[in-house]
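User: Hi! I would like to learn how to read pockets and cavities in a protein model. Could you walk me through one?

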Amino acid sequence: WKERGAAVATRQDVDQNGRPVSKIVKKGVNDFHFGRTLGEGSYSTVLAATDRQVHREYAVKVLDKRHIIKEKKVKYVNIEKDALNRLTEHPGIVRLYYTFQDERSLYFVLDLANGGELLGHLKKMGTFDEECTRFYGAQILDSIAYMHSKGIIHRDLKPENVLLDEQMHTKITDFGTAKILDIRSAGGPGTEGPASGDPMDGAEQERAVSFVGTAEYVSPELLTDKNACKASDLWAFGCILYQLLAGRPPFKAGNEYQTFQKIVALDYHFPDGFPPVARDLIERLLVLDPSKRLPIEHIKSHPFFEGIQWGMGLWKQKAPRLR
Ligand SMILES: NC(=O)c1nn(CC2CCNCC2)c2c1CCc1cnc(N=C3C=CCC=C3)nc1-2
């Protein structure tokens, strides 16, 4: 694996004349004390780890080289690393600090989210109230907006991949199934979306061509024409909002195939008492035609998010007590 773009650690040192110098030091596995297992994948294990020099906790994702090659996942590993290297300046996304490798494994040194998964807290509570749904929904949306501005589609957004840090703020993780769009549609000056602001205009630039995702949150376009686009993340976002308030995802059946049938038929219902303003927003996200889903800027100004302070204020404020 080429170590490209990975940040390396620097250590403040002094030269022979006592002048401060920054020395590039490459961290290695011996620089960490490994602790509990946080998660396991088909070719990776994520462990809590403490950097022995600076006594700081991280999550270290250990990827087995032989497994990656055997399961033909080299492309996915490089996409994950490249995606994470593009997403280093947002509080709502697990940050990759640096990578290193040894003979057997690759190591991704990442933010540790000590608060566990949003899904775990939802299961404990049953459902979230509107205030909590508004706050967590806003943080997730703000992170999606940042990802999309950097030309990254997550493609597997779900409550299991929304982690919580010590302040109970969200951190989105697991970019192993992300899609990196070409620079023209990444966002930023000169690559703004067309006048309509519709995330799907110029769709030929924004389409990705491979199948990924978790059944309950997969968008209809991924099932019908195998194409993911930025609006596919907004479909998953609509499913997450519904699940926070209802305590279950909108599309769930006895098996994956039946779940897929419900999705492409838009076969879902709101439980009695579901908050009407939230229902209005979700109905504008769970739309079969991706080009007709509410674009992010319109979601932010929807009445459901009234009172949300978008931008850094959202990340500085105290998280509401879960109830
Ligand atoms: N696949 C990953 O990159 C990844 N997987 N995990 C653990 C998973 C457990 C199942 N649900 C999805 C996440 C992590 C990361 C990134 C980096 C990362 C940082 N902090 C945590 N923290 C956790 C704390 C308690 C329970 C689970 C995870 N976990 C991870």
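Analyst: Happy to! Keep in mind that this is a predicted model. Let's start with the ligand: 17 residues surround it, and K61, A113, E117, E160 and T173 come nearest.

User: What classes do the residues of the shell around the ligand divide into?

Analyst: The shell is made up of 8 nonpolar, 3 polar and 6 charged residues.

User: Which atoms of the ligand do K61, A113 and E117 approach?

Analyst: Let's take them one by one. K61 places a polar side-chain atom 3.0 Å from an oxygen atom of the ligand. A113 uses its backbone instead: a polar atom there is 3.0 Å from a ligand nitrogen atom. For E117, a polar side-chain atom lies 2.7 Å from a nitrogen atom of the ligand. On its own the ligand would expose 570 Å², and the protein buries 83% of that.

User: How is empty space found in general, and where does the ligand sit?

Analyst: The general idea is that rolling a probe the size of a water molecule over the atoms shows where empty space is left. In this model, the ligand sits in the largest pocket.

User: What is the volume of the largest pocket, and which residues are closest to its centre?

Analyst: The largest pocket holds about 980 Å³ of space. It is lined by 36 residues, and V46, K61, N161, T173 and D174 are the closest to its centre. You have met K61 and T173 already, among the residues that come nearest to the ligand.

User: Which helices and strands supply the lining of the largest pocket?

Analyst: At least two residues each come from β3 (32–40), β4 (44–51), β5 (56–64) and α2 (74–86). β3 gives the most, with 4 residues. Sorted by class, the pocket lining has 14 nonpolar, 11 polar and 11 charged residues.

User: Now for cavities. How many cavities of 30 Å³ or more does the structure hold?

Analyst: A cavity is a space where the probe fits but cannot get out, whereas a pocket is open. This structure holds 2 cavities of 30 Å³ or more, and the largest cavity has a volume of about 100 Å³.

User: What lines the largest cavity?

Analyst: There are 14 lining residues, with R155, D156, Y217, V218 and S219 nearest the cavity's centre. Helix α7 (residues 230–246) gives the most to this lining, with 3 residues. By class, the cavity lining has 7 nonpolar, 4 polar and 3 charged residues.

Key
Residues numbered from 1 in each chain as written. Predicted model: local features only at pLDDT ≥ 70, side-chain atom pairs only at ≥ 80, totals over all residues. Heavy atoms only, no water. Near = heavy atom within 4 Å. Polar contact = N/O pair within 3.5 Å; in protein donor to acceptor, adjacent residues only side chain to side chain. Areas by Shrake-Rupley, 256 points an atom, 1.4 Å probe, with all protein chains shown as cover. 1 Å grid on protein atoms, 1.4 Å probe; cavity = no way out; pocket = protein on both sides within 12 Å on 5 of 7 lines; lining within 4 Å. Sits in = over half its atoms within 2 Å of the grid points. Nonpolar A, V, L, I, M, F, W, Y, C, P; charged D, E, K, R; others polar. Points joined across faces, edges and corners; volume = space filled by probe spheres on them.
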